[in-house]
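The following paragraphs lead the reader through one protein model and its ligand. Please keep the sequence and the structure in view while reading.

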Amino acid sequence: MENFVVSARKYRPSNFKSVVGQSHITTTLKNAIKNNHLAQAFLFCGPRGVGKTTCARILAKTINCENLTADFEACNTCDSCKAFNNNASFNVHELDAASNNSVDDIRNLVEQVRYAPQQGQYKVYIIDEVHMLSNQAFNAFLKTLEEPPKYAIFILATTEKHKIIPTILSRCQIFDFNRIQIKDIADHLKYIAGEEKIESEEEALRLIATKADGALRDALSIFDLIVTYSAGNKLTYQETISNLHILDYDYYFKVVDALLEESISKVLMIFDEILKKGFDGHNFIVGLNEHLRDLMVCKDSETIELLEVSESAKERYLQQSQDASLSFLLTAMNICNQCDIHYKASKNQRLHVELALMKLAKVNQAISLAALAQEESKKKA
Ligand SMILES: Nc1ncnc2c1ncn2[C@@H]1O[C@H](COP(=O)(O)OP(=O)(O)OP(=O)(O)O)[C@@H](O)[C@H]1O
Ligand SMILES: [Mg+2]
Ligand SMILES: [Zn+2]
């Protein structure tokens with residue numbers, strides 16, 4: 001049997017171009033290489049799993065490449081690039097500061113920095129989770145960081161920029177990595193699914209992308225997990241929601257339909273079904289509110305781009321948003337919001353949600369009553 005390699009490793013980008021969603025960083029780095037204006041100390045900040053270590057390694061590989069492409073990318077074929085790609089290059093040193101944070105660890109590193117590279121132009125030191133270094137270790141490092149030998153480049157990476165002391169910050173060129181957009185993650189997953197010959201439903205990929213909350217690595221692990229569970233080469237929306245234990249958005253459409261019909265009985269029965277499936281009332285009400293928000297942004301051509309759903313689902317949102325009035329949506333969101341805020345304090349949480357649903361079912365009535373009263377008072381005046 002072929003060894004299984006997790007997608008996050010198998011699809012680690014091998015050049016700047018294939019890094020997703022960080023073009024502000026990759027472009028700047030490429031320009032610096034092009035103009036020979038490379039800083040010697042970098043600080044890569046940003047959430048986990050968005051490409052910090054990846055970019056650090058690509059930078060190390062690119063500046064040592066013997067045969068840069070016209071586009072200032074590593075060639076991936078020269079000896080140096082090959083060594084990098086096999087994790088066998090002597091020109092890159094990675095230190096995980098989370099587990100090696102003592103003064104001695106840093107002294108070792110500083111010691112190494114004194115030796116010029118035997119091959120290639122640069123030695124690159126990547127220090128991951130640099131905020132974990134002890135204060136003493138930081139101090140032992142400062143001098144080297146300030147006056148490094150020409151061939152040494154330091155790339156410090158951290159998820160917690162606020163924990164980095166100012167003396168370090170001021171000595172580094174700082175790059176802030178983005179969380180990656182849902183669409184970009186979904187597109188990347190689609191590409192990988194294609195490579196792996198896995199048939200995938202767009203909505204399944206989008207759901208995984210949403211769940212990953214901006215981190216591409218997380219998206220890839222979820223993707224692997226579901227593919228393994230579904231034991232085949234198909235990735236469906238249904239399988240994904242049951243694996244991730246996410247409520248099918250179909251329910252929200254049904255609930256809103258029932259609310260617009262003003263049917264208390266229907267909406268209570270749907271809620272009962274949701275609870276029986278093991279879903280939590282609080283998540284349900286929050287999800288319902290997000291759904292109402294999505295309908296709301298559909299109402300205006302200017303805000304419609306804030307709708308982050310798959311192309312195939314878009315039509316359905318547009319349709320339902322036509323059926324609901326703006327005042328209905330606003331009032332309904334308000335009721336859901338109140339329900340969400342007070343949920344934890346309620347002694348009977350099921351009843352708490354049911355009450356909100358009953359109110360929601362009567363929103364349209366209340367709105368027309370209010371309008372009627374206004375009309376009456378106008379007549380009298
Ligand atoms: N921007 C991206 N483009 C393409 N793949 C990415 C990107 N970010 C992350 N990945 C994928 O996730 C894996 C892990 O990314 P990486 O190690 O660079 O994250 P990181 O930002 O260093 O995270 P951490 O803070 O946890 O160290 C990569 O091997 C790659 O497969
Ligand atoms: Mg990292
Ligand atoms: Zn090369």
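A convenient starting point is E73, which lies in the loop between α3 and α4, the latter spanning residues 79-85. The model is a predicted one, and the distances and areas below are computed from it.

Is E73 buried or exposed? Its relative accessibility is 3%, and because buried means under 20% relative accessible area, E73 counts as buried. The surroundings of this residue can be listed in some detail. Leaving aside residues up to four places away in sequence, E73 touches N15, F16, K17, K30, T62 and L68. With F16 there is also a specific polar pairing: a polar atom of the E73 side chain lies 2.8 Å from the backbone nitrogen of F16.

A second glutamate, E146, may be considered next. E146 is located in helix α6, which covers residues 135-146. Its relative accessible area is 47%; since partly exposed denotes values between 20% and 50%, E146 is classed as partly exposed. The side chain of E146 makes a polar contact, at 3.1 Å, with the side chain of R171. With respect to H291, which is 145 residues away along the chain, the C-alpha atom of E146 is separated from that of H291 by 52 Å.

The discussion now turns to the ligand. Which residues are closest to ligand 1? Of the 19 residues that surround it, the closest are A8, G49, K52, T53 and T54. Several backbone atoms approach the ligand at short range, as follows. A polar backbone atom of A8 is 2.6 Å from an oxygen atom of ligand 1. For G49, a backbone N or O atom lies 2.8 Å from an oxygen atom of the ligand. At G51, the partner is a nitrogen atom of ligand 1, which lies 3.0 Å from a backbone N or O atom of that residue.

Taken alone, ligand 1 exposes 630 Å², and the protein buries 95% of that area. Two elements give two or more residues to the shell around the ligand, namely α3 (52-64) and α10 (216-230). In terms of domains, the shell draws at least three residues from domain 1 (7-176) and at least three from domain 2 (182-244). By class, the shell is made up of 9 nonpolar, 6 polar and 4 charged residues.

Methods:
Residues are numbered from 1 along each chain as its sequence is written. Chains are lettered from A and ligands numbered from 1 in the order in which they are written. This is a predicted model: local features need pLDDT of at least 70, side-chain atom pairs count only at pLDDT 80 or more; totals for chains, interfaces and linings use all residues. Side-chain values use heavy atoms; hydrogens and water are left out. A residue is near a molecule or strand if one of its heavy atoms lies within 4 Å of it. A polar contact is a pair of N or O atoms within 3.5 Å; within protein, one must be able to donate a hydrogen and the other to accept it, and residues adjacent in sequence count only if both atoms are side-chain atoms. Accessible areas come from the Shrake-Rupley method with a 1.4 Å probe; for residues, only the protein chains shown count as cover. Helices (H or I, at least four residues) and strands (E, at least two) are DSSP runs, numbered from the N terminus. Ala, Val, Leu, Ile, Met, Phe, Trp, Tyr, Cys and Pro count as nonpolar, Asp, Glu, Lys and Arg as charged, and the others, Gly among them, as polar. Domain bounds come from an automatic or database domain assignment. Buried means under 20% relative accessible area, exposed over 50%, partly exposed in between (1.4 Å probe, protein chains only). Contact means heavy atoms within 4.5 Å.
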